[in-house]
Amino acid sequence: MIPELKKNTEQKMQKSVEALKTDLAKVRTGRAHTGLLDHVMVEYYGSMVPVNQVANITLIDARTIGVQCWEKPMMAKVEKAIRDSDLGLNPANMGELLRVPMPALTEERRRDLTKVVRHEGETAKVAIRNLRRDANQQLKDAVKDKTISEDDERRAEDEIQKLTDKYVAEIDKLLAQKEQELMQI
């Protein structure tokens, strides 16, 4: 039971780190990238969906993203969703096409992006800690049910703590790399 619990917890922690890597890849440094708008949600007939499910997203040039909605009435909603996102983008409506220019990264914008990166990292750390808590709770329940001894529980808790420390350190390393990348001119 304990090895299976450890394995499941480690897999979930690894998935949390992978999710963080995906989120950090969306934080771009001045260059346009279609994946940048993947997490921007827009209301579509009463439900929230990603922009890429209601529009074609293309690169016009290295610093401009083009968004072409499939339905004309969606243009205003998509424009508002992009403007309200935490990306700091200001789309321009060109009739059939939304042009989303990437702002030049000023010192202030770089600092804002590092705040976004730190927030993403903190969210990932909270997810890791929640996984640790859940695993420890399962161990306590197993002791209560008398399926494992208290000594086994303590050993397993120590191993889960080591896993937690390992993945938190990995998250810190990823954040440091991304912050360094953002602060380069």
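Glu 181 and Lys 178 sit together in helix 4, three residues apart, which is about one turn of the helix, and in this predicted model their side chains meet in a salt bridge, with 3.3 Å from N to O. What I would like you to look at here is the exposure of the two partners: Lys 178 is buried, at a relative accessible area of 9%, whereas Glu 181 counts as partly exposed, at 36%. Lys 178 falls in the buried class because its value is under 20%.

Let me move to the beginning of that helix, which covers residues 150–183. Asp 151 and Arg 154 are again three residues apart in helix 4, and so are separated by about one helical turn; their side chains form a salt bridge at 3.3 Å, N to O. Asp 151 is partly exposed, with a relative accessible area of 46%, and Arg 154 is partly exposed as well, also at 46%.

Then there is Asp 152, which pairs with Arg 155 in a salt bridge whose closest N and O atoms are 2.8 Å apart. These two residues are likewise three residues apart in helix 4, so that about one helical turn separates them. Arg 155 has a relative accessible area of 49% and is partly exposed, while Asp 152, at 29%, is partly exposed too.

Which residues are linked with Glu 153 in a network of salt bridges? They are Lys 140 and Glu 157. As for the overall count, a search of the whole structure finds 17 salt bridges, and those I have described, including the one between Glu 181 and Lys 178, are a selection.

Key
Residues numbered from 1 in each chain as written. Predicted model: local features only at pLDDT ≥ 70, side-chain atom pairs only at ≥ 80, totals over all residues. Heavy atoms only, no water. Salt bridge = Lys/Arg side-chain N within 4 Å of Asp/Glu carboxyl O. Helix = DSSP H or I, 4+ residues; strand = E, 2+ residues; numbered from the N terminus. Buried < 20%, exposed > 50% of the residue type's maximum accessible area, 1.4 Å probe, protein only.
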